[in-house]
Every structure is written in C-alpha cells, then in structure tokens.
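Hi,

Here is the structure I promised to pass on. Have a look at it first, and then read my notes below.

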Amino acid sequence: LLCLHGYYYQLELSLKTVLDTAEKSVEAQETVNSSSVGEKDLSAVPLAAGSILMSKRMKVLQLVNSLHRSDGTFLPGYAVVSIKSKFLTGVTSNSDSVECKLSFDQLMDSYGDELSCPPVELDSVAQKELKVGKRIDKEGLILSVPNGGEPIISLRSSLIDTIRNEASSSDDFSIVCPSPSSNLFMGAYVRGYVARKDERFGSFVRFLNGLTGLIPKLKKGLDESLYETILCKVTALDITSSPPKILLKKVSESDISKKKRKIESRNKGSVSQRQIQVGDLIGDVKVTDINFARAKVQLIDKAFFGANIRARIHVTMAEPIAAKPKLSKQEKKAKDEHKIGKSHPFYSWKAGDVIKGVRCVAVDTRDGVSFVELANRSEKSDLVSSSPIVVSDPSQLPPGSLVHSIVTSVSASSPHFGVWVQVCPGISGFVPALELSSDPDILNDIESNYKVGTRLSCCVMEKSNPEKTPLRHQLQRDDHDNNTKEHNALELSVLLAEEQSNAKQAGFKPTKPQRGDVVVGRINKKMRVLGPPALMLNLRGTFTGRCCITELNDMDDWANMPLGKDPSNDSKSGSNEVQRVVSDSEADLSNNENDDDDEESRDEDKAKSEIREEYPDGKFIKCRVLGSARAKGAVELSLRDSRLEGDLEEDCVPEPNDMTHAYVISTTKKGCFVRISRYVEGRVILKELSDDFIPNPTVMFPPGRLVVGKVKRVTKHDGKQKGNRGLAATVDIDMRESVLLSSGNRITLDDIQENSKYTGVVTRIESYGVFVRIENSDVSGLAHVSECSDSYVKNIFDLYNPGDLVKVMVIKFDKEEKRLGFSLKASNFVDDDDSDDASLSDEASSSEEDSDEEEEEVKDASDGEGDSDSDDENFVAKMAAKMEQAGDVHSDNDSESSDDSSADSDDDSESDEKSLEQRPEESLPQAMDANVGFDWGSTIKPTKITKLAESSDDESTDSSSDSSGD
C-alpha cells in the first residue's frame with residue numbers, strides 16, 4: 001500500500017523481469033511513435049463527446065469505491081484512466097496524458113440481475129473487469145466533456161456501434177445517440193442507458209453530454225433495469241427549453257424492422273415520384289400533427305399520390321389561417337401542453353385542417369425519401385419582399401439582411417435582457433430589449449408585449465468585436481445553445497428593420513447617439529458610476545449613458561436623495577456612528593414624544609424610501625442626449641421634462657449673494673463639495689456647513705443630499721484651463737442658517753468692544769475653557785475655565801455642551817493677535833436682568849401667539865438634528881420657509897440676552913447644587929476645528945481624509961472673521 005500526494009494506491013507486484021508479449025509490443029509501439037517529435041497518431045480522435053477510442057489506449061491508474069451516504073444517496077465508484085495526449089486532438093494542456101473518469105456503471109451494456117438496490121455490487125464487478133496499471137482491452141467512448149472537469153468514458157459496446165453507424169445511415173429509421181446540439185424530431189429512434197429511476201416519474205435515460213430523456217411511469221418506465229442500455233423512440237419534444245425536454249417510449253429493433261418493411265411494401269409498385277424543387281407551388285396540404293416547432297402535413301394533391309414524401313411546416317414558415325374557430329377544452333389543453341399561445345401561428349390550427357396554397361422552401365432527398373419544408377406565408381410581407389428563406393448556417397445571412405422570426409423565449413437575466421427568436425429551422429437569434437422598441441412602457445412590460453410565438457421582422461446586425469466589447473455587453477450562450485462551444489446565434493434588431501423600411505440611412509449596427517437625440521436607456525446600478533452621484537444607463541449598440549444627478553428632474557422639482565441611500569455609507573456608519581450633541585431644551589422636547597409618534601415616524605420613513613425608489617435597476621426610461629460625457633466612451637443624458645421637450649440650454653452660473661440649491665458630491669472632515677449643475681460645482685468649508693456643531697459631517701451630508709446655500713464667490717473658467725475638469729465655474733458657498741436668514745449686517749471684528757455683551761453659541765469645549773462664536777458673525781473667542789462660572793468648576797464638560805446658546809462679555813481684546821477673551825459668569829449680567837425682564841414682559845402679550853409656533857419649530861428642528869440620518873426631505877423646504885418668513889426682521893438682542901441670561905443662571909445654580917460625576921474622555925464627542933479650510937483639488941479623491949490640526953495646548957483661538965482671516 002503506497003501513499004502519494006494524499007492518495008492511497010494498492011499496487012500488485014510481480015517477480016517477472018520480462019514483459020508479456022502483448023504488453024511489450026504496445027510499449028515498443030509507443031516508443032516508436034514518441035520518436036517522431038510533434039507528430040500526432042494518425043488514429044487520434046477529438047476530445048469531444050461521441051469520439052471512439054481504440055482498445056489499449058486507456059490505462060487504469062486508480063480505482064475509487066462507490067459511496068453510499070446515510071441519507072440514501074448512492075454514488076457509483078469510478079476508475080481514473082489515462083490516455084496519451086497524442087491519441088487525442090484539441091487538448092489544451094501541455095501534459096503528456098489526459099486523465100479521464102470511467103464510472104463503474106459504464107463497464108457493460110447490461111448488468112442483468114447482479115445488482116441490488118442500491119447497487120453496491122458495482123465495486124466487485126469493477127474489480128473483475130479492471131486492473132490497476134493494466135490497459136483496457138476494449139474500445140471506449142467519450143460520453144461527455146464537462147466544462148472544467150474530467151472527461152467521462154464509457155465501455156458500452158452498443159453505444160459505440162450506434163455512433164459508428166450514424167454516419168452511414170440517414171433515414172427515418174436510423175438509430176442515433178443524441179447530444180444537446182442534435183436536431184431531434186418526433187419519431188426519432190435513440191439509444192442511451194438508464195441513469196436513474198424515480199418512483200415519482202419513471203426512468204431517466206442519459207445520452208451524450210448530459211442530454212436526458214424520460215420514460216414516464218405511466219408508460220412502464222419503472223420496469224426498466226438500472227444502468228441498462230436501452231433503445232427508445234421520441235414521443236414528445238419541447239425545444240423551448242435547454243436542453244430540450246424529451247419523452248421516450250421503449251422499443252426494440254424488431255419493431256423498427258417491421259415498420260420499415262411495412263412502409264417499403266406500401267411503396268412497392270407505386271407511381272414514379274415527382275421531383276419537387278424549391279419555389280414550387282405544392283397546393284393544399286392536410287395537418288396531421290402539431291407541436292410548438294412544426295406541423296406535420298400530408299400532401300393531398302393527386303400528383304403526389306404514392307410518392308415517398310415527408311413534409312412539414314416549420315413555425316417560422318407559418319401564418320395563422322384566416323378563420324379562427326372556437327377550440328374545445330381538450331384542444332386548448334393540448335395547446336397549453338405545447339406552449340402554443342394565442343400569438344402563436346399554430347394557435348388556430350388543429351389536426352385535420354387543410355392549409356391552402358403552400359409553397360416549397362427547402363427540400364432534401366435521402367435514401368429515396370424527400371424531406372420537404374413548406375410555407376403558407378405569402379411571397380410579400382411587410383418588410384421582406386422575397387420568399388421565406390431557409391439557411392443551414394448563420395453566415396449565410398450577412399449584416400443588413402431582413403428576416404422574419406418567431407419569439408421562443410424571453411430572457412430577463414442580467415446583463416442581457418431581450419427575446420430569443422427562431423429565424424428558420426436550426427437558426428436562432430437574440431434581439432436585445434433596446435433593439436425591440438423605442439417605447440419604454442412596452443419594454444418595462446416585455447413579457448406581456450412580446451409573448452412566445454409572436455412574429456418579429458428583424459434586421460441582422462453586425463456582430464461586435466469580442467476583443468473591443470466589454471464582457472458585460474458580449475452575447476452569452478442562452479437556453480438554446482448552452483452546450484455549444486462557440487456561440488453562433490444571430491444578433492438582430494427590430495428598430496434597424498423599421499429604419500430600413502422607412503428609407504432611413506440605417507447601417508448594420510446602431511450608431512453613437514448625438515446631441516439632441518431622444519433615446520431609451522436601461523438603468524444599470526451594477527455598473528461603475530462615472531462622476532458620482534449619477535445614474536448609469538445602457539444604450540443601444542453597447543453604448544453607455546450617464547445622467548448627472550442634477551439632470552434627473554427640473555430644478556423646481558429637485559428632491560432630496562433622488563438616487564436613494566448609498567449602502568456603503570450605512571455600513572461605514574454602523575453602530576459606532578457619532579450622534580449629534582443636543583441641548584437640554586431639545587432633550588426635553590424629545591423626551592415628551594410618545595411611542596405613537598415613533599411609529600408614525602417609522603411609517604413616514606418607510607413611505608419615503610418606497611417613493612424614493614423612482615429609478616430601480618433594470619427600468620427602461622426615455623432620455624435626451626446632451627453630448628459626450630467627460631468620462632471616456634460615455635454619453636451625457638438628461639431625464640428632465642424640459643429637456644425632453646427640446647430645451648438644451650445649459651443652466652446659468654449663479655452670481656455672488658445668490659441663493660442656490662445643490663446636491664452633495666462628497667464630504668470630508670474639511671468640508672463638503674456640491675454640484676449645482678453639470679458644469680458648475682461648489683465647495684463649503686466645515687465651519688460654514690451649519691451654525692450648530694456637527695460631530696460627523698460625512699453622515700449628515702452624504703452624497704446626493706439636497707442642500708441650499710448662499711454664493712460667496714464665483715470663479716469662472718474658459719474650458720481650457722488645466723485642472724478644472726471641464727467645469728464652467730466653481731463657487732464658494734455658505735450653508736449656515738444664520739447667513740441665509742441674515743439681512744446682511746453681520747458683526748465683524750472691528751465692531752467688537754471690550755465690556756460689550758453678546759449672544760453666542762458654544763462650538764468647542766476643552767479642559768481649559770470654552771470656545772464661543774458670536775451670533776450673526778464669524779467672530780470666535782475663548783472663555784477660560786476660570787471665567788465660566790462664579791463658583792468653582794469641577795468638570796467643565798458637565799456645565800456646557802457644544803451648541804449651547806450662551807451670553808458672553810468681552811473682557812479681553814488683543815487687536816494685534818486678533819484674539820478675544822470672554823466671560824460667562826452670571827454676575828456680569830445681573831444688571832441686565834431687570835431691563836430684560838421688563839422688555840420681555842412688555843412684549844409678552846405681542847409674542848404670546850407666536851410662542852406655540854416657535855416651540856413647534858424648535859421641536860421639529862430637534863427631531864431633524866437629533867437623527868443622524870441624512871434623508872430629511874423637508875430640509876430644503878424648511879430652510880426656504882424660514883428664509884421667506886425672515887425678510888428684513890431684526891431680532892431684539894436685549895430680549896434674547898434676557899432669555900439667555902436666565903437660562904445661564906439656571907444652569908449655574910443647577911450645576912452648583914447637583915453632584916458632578918467625572919465623565920470619561922472617550923465618551924465625549926471629539927470637537928472639530930471649524931476654521932480649517934480645504935482646496936478644490938481634494939474633490940478628485942473625496943475619500944482621502946486629512947487629519948485635523950489640533951492645538952490643545954493653546955488657551956486662545958483665532959477670532960478673525962472671513963474678511964480678515966481668509
């Protein structure tokens with residue numbers, strides 16, 4: 001027993017030092033043959049199913065026993081045999097030999113009564129027939145060649161004789177061993193072996209390359225012996241599936257001989273057969289049998305009486321008869337079994353009908369029998385002025401040929417979507433969906449509009465070069481030719497045929513769309529997006545289209561996240577997503593919400609997500625071509641209604657101080673890039689994204705979010721400047737609500753005076769103090785920890801949060817360094833309380849009606865800001881409403897100071913009374929430097945994040961405004 005490479009080999013050794021004569025002669029012959037370098041053996045056969053191997057060509061290397069699993073599954077054992085490469089042609093490997101599998105159920109034609117259930121005796125039979133290291137002294141047959149697997153060998157002599165006799169016999173009584181590519185017909189005689197028995201169905205008979213037929217249980221299929229070679233007759237055939245579905249009936253060779261003698265005796269002494277030629281008018285015929293693919297007919301003209309003629313009308317050569325009688329339930333059931341629908345040419349046909357005025361389109365005479373293809377179609381049709389054609393090879397139909405075809409199946413598999421058609425007997429073709437119609441509504445319901453059996457008039461297209469065509473556009477094998485090694489299906493187009501019929505200058509393949517053309521595209525979300533966010537589409541002729549997010553709708557109809565949420569953003573955020581820090585008032589309002597509101601919110605989110613799926617994958621949609629995209633090979637498209645109506649004018653470039661809407665392109669820790677139109681993009685630095693503190697801007701502003709901002713600066717390009725990526729202009733935008741609602745009188749550094757008091761927002765908290773930005777300005781300063789409260793501050797993080805609205809007093813102003821020092825002590829604002837309260841009481845009556853509305857606005861704002869989800873579709877609407885309501889109204893700083901002062905004093909008293917707990921540093925939100933800017937070049941690689949500069953050791957901050965600091 002020898003173990004080699006993980007396999008155990010049992011070797012039979014001998015003390016003989018001289019080889020047997022027969023073995024010696026074989027080895028000597030191999031030595032002589034190997035002396036001729038590069039020469040193949042003259043008897044070499046192709047490495048393909050159906051090839052016959054001579055004896056002594058197969059050497060047994062290993063025997064693998066059968067496997068009987070606990071679940072009842074039985075797998076027959078097999079022998080690993082080796083065949084010299086010189087005995088085979090078409091071997092792709094450089095090895096000297098090819099290893100094959102010889103299953104133990106392929107050793108003989110019949111195993112008789114030796115096998116039990118399961119057939120565990122196969123191992124003992126194999127031990128008798130095969131010896132490891134010995135050559136097999138029998139002819140072999142290559143039964144199948146799986147893709148990427150080892151060839152399967154059979155030693156069944158009956159199959160070998162059948163295949164050897166196929167070439168010499170070609171009449172209706174010849175016996176064949178078919179493969180999936182064979183042209184089977186009803187009544188054909190086939191030989192195979194019983195591969196499996198199933199008590200539910202019957203016996204499954206296997207042929208070459210895995211082709212399988214069924215002897216039904218009702219036809220005594222269970223009476224057959226397992227692994228026995230059997231002769232059958234095809235009783236039913238379904239060519240619409242791949243491989244075809246075959247129903248069989250067991251017959252004997254004596255039955256075939258009797259039937260053959262009967263026909264010969266009937267034809268004996270008959271009149272001399274009339275010669276039929278292509279184009280002859282045959283006259284009337286009688287239908288004898290119908291299935292999906294053909295109708296067998298009998299010639300009833302007296303001129304053909306006694307002639308040995310077999311005639312049929314193929315489905316591609318047939319037209320429905322004028323009269324459509326009502327079918328009985330039994331007739332309708334028979335039509336359904338053969339998948340003959342109302343659109344099928346044979347739907348109104350039935351056995352016994354007389355078809356008038358048929359014509360011969362093809363004829364083949366073999367062994368005195370004429371096989372005639374007939375057609376009842378008129379000579380002239382809508383597109384084809386010649387008689388129906390029958391060809392034997394697709395190459396006989398050059399590009400530009402107009403043909404009729406019948407739909408055999410609808411393909412909905414990606415990346416191809418269309419219909420498979422039959423052009424003539426033995427010739428199939430594929431019509432891509434984009435070549436079927438220019439109406440997207442029809443293509444979106446292709447199965448209803450192109451039913452099996454529908455006749456199409458097509459034009460043969462020029463085949464694409466596989467080397468230049470992307471793999472996703474190459475025509476793959478389909479149900480009709482899944483087992484062929486080379487795809488020979490025709491590429492057809494209905495639209496090109498219509499263009500030729502309308503006398504248009506149509507070529508043999510679709511041309512690239514030009515600016516102004518209206519085309520139909522198919523949304524493909526699996527394609528790599530060019531210049532995201534955008535929608536990618538497949539166009540006619542393997543062309544690719546790109547629709548920018550700004551071209552999905554007209555500007556007035558822009559919606560938030562029109563392309564939906566990016567799954568990658570959700571996975572990135574995950575459970576570690578940093579939540580926005582909310583104020584105490586927001587937290588109180590949020591706690592007052594009940595469970596019903598949460599359920600309503602979830603229902604609204606669900607409804608929004610369903611509505612947002614306006615552009616699902618695979619949807620056909622009409623587009624307007626705007627020109628070539630900046631990405632190589634793509635076409636720029638637009639889905640706007642105004643574009644489809646003919647408006648091709650580009651969007652205007654915004655001017656400074658204009659309010660504009662834009663879609664987010666990408667967001668980093670430095671800011672955000674947005675797209676205003678196809679040729680205008682903008683940027684927003686971090687501190688100008690929002691008045692509030694944003695812990696995670698990438699989550700709050702994902703790609704595709706609709707935002708509104710105020711244009712600060714516009715830089716126009718001439719189109720030839722390097723680095724602008726073809727943009728007409730780039731703009732700087734400010735998205736802060738205070739800027740959008742302000743009247744223009746913003747506080748600058750020059751307006752600041754010592755001992756003056758202002759209202760501000762906490763932007764950052766450090767252990768040494770609090771950074772505050774004055775409202776309605778870009779001026780910031782530091783309130784040292786000693787100036788944050790009148791009492792001792794044990795933990796400043798428990799006293800303030802980013803986003804808190806506070807009152808500050810300027811206690812220090814370094815004009816040279818442009819630094820401000822603030823004080824938050826409540827004692828600095830004691831004198832303001834009376835006046836503020838008085839002013840508030842004076843205005844209480846006037847503001848009472850608006851308090852409820854303001855509270856609702858705060859609540860809505862807290863709801864939107866507390867949720868880090870970026871799909872707040874009311875963001876732009878709320879902002880626009882606030883901008884309209886604001887107008888030129890100026891807030892009363894004194895009244896606001898009163899509110900803030902009282903709020904601060906309450907916070908201070910509460911912080912003094914309650915016990916402070918030390919907050920772990922890792923649980924605190926990491927603040928960001930809002931003054932950090934970024935360059936336009938970073939939009940090329942938006943995913944690259946630059947580390948923010950931190951200055952934790954400084955105890956002051958740059959308080960410069962935009963005018964002085966930028």
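I'll start with the cysteines. Cysteine 424 counts as buried because its relative accessibility is 1%. Cysteine 459 is buried too, at 0% relative accessibility. Before you plan around any of this, keep in mind that the model is predicted.

How many disulfides does the structure hold? Zero. For cysteine 459, the closest cysteine sulfur belongs to cysteine 458, and the two sulfurs are 8.8 Å apart, which is too far for a bond. The cut-off used for a disulfide is a pair of cysteine sulfur atoms within 2.5 Å.

Now the overall picture. The protein has 966 residues, and 43% of them count as buried. Its secondary structure comes to 18 helices and 43 strands. If you take the contacts between residues at least 6 apart in sequence, 66% of them join residues at least 24 apart. The exposed surface is about 51,900 Å², with carbon and sulfur atoms supplying 47% of it.

Next, a region where strands and a helix come together. Strand β11 has five of its five residues buried, so the rest of the structure largely encloses this strand. On one side of the pairing list is β4, which runs antiparallel to β11 and is joined to it by two bridges. Here isoleucine 52 has leucine 141 of β11 as its bridge partner. β11 also pairs with β12, again in the antiparallel sense, over three bridges. Leucine 141 turns up here as well, standing opposite serine 154 in β12.

Helix α3 (residues 157-166) belongs to this part of the story. Its buried residues are Leu159, Ile160, Thr162 and Ile163. Looking down the axis of α3, you see these buried residues fall within an arc of 160 degrees, so they line one face of the helix. Why would residues some places apart share a face? An α-helix has 3.6 residues a turn, so residues three or four places apart point the same way. The buried residues of α3 pack against several strands, including β4 (52-53), β11 (140-144) and β12 (152-154). Also among their packing partners are β14 (189-198) and β17 (229-238).

Helix α2 (residues 122-129) has Leu122, Asp123, Val125 and Ala126 buried. Viewed down the axis of α2, its buried residues lie within an arc of 160 degrees, so they line one face of the helix. Part of what covers them is β7 (74-75).

Further along the chain there is a closed barrel of five strands, with mixed pairing, in the order β34-β35-β36-β38-β37. From one strand to the next, the twist averages 50 degrees. Within the barrel, β34 (residues 659-668) and β35 (residues 671-677) pair in the antiparallel sense over five bridges. One pair to find in the viewer is tyrosine 663 and its bridge partner in β35, arginine 675.

Last, valine 808, which is in strand β42 (residues 805-814). Is this valine buried or exposed? Its relative accessibility is 0%, so valine 808 counts as buried. Leaving out residues up to four places away in sequence, valine 808 touches Ser756, Lys757, Tyr758, Val772, Phe822, Ser823, Leu824 and Phe829. Valine 808 and glutamate 787 are 21 residues apart in sequence, and their C-alpha atoms are 9.9 Å apart in space.

Cheers

Definitions and conventions: Residues numbered from 1 in each chain as written. Predicted model: local features only at pLDDT ≥ 70, side-chain atom pairs only at ≥ 80, totals over all residues. Heavy atoms only, no water. Buried < 20%, exposed > 50% of the residue type's maximum accessible area, 1.4 Å probe, protein only. Helix = DSSP H or I, 4+ residues; strand = E, 2+ residues; numbered from the N terminus. Arc of directions from axis to C-beta. Contact = heavy atoms within 4.5 Å. Pairing = 2+ DSSP bridges. Axes fitted to C-alpha atoms, helices over the stretch in contact; angles between N-to-C directions. Areas by Shrake-Rupley, 256 points an atom, 1.4 Å probe, with all protein chains shown as cover.
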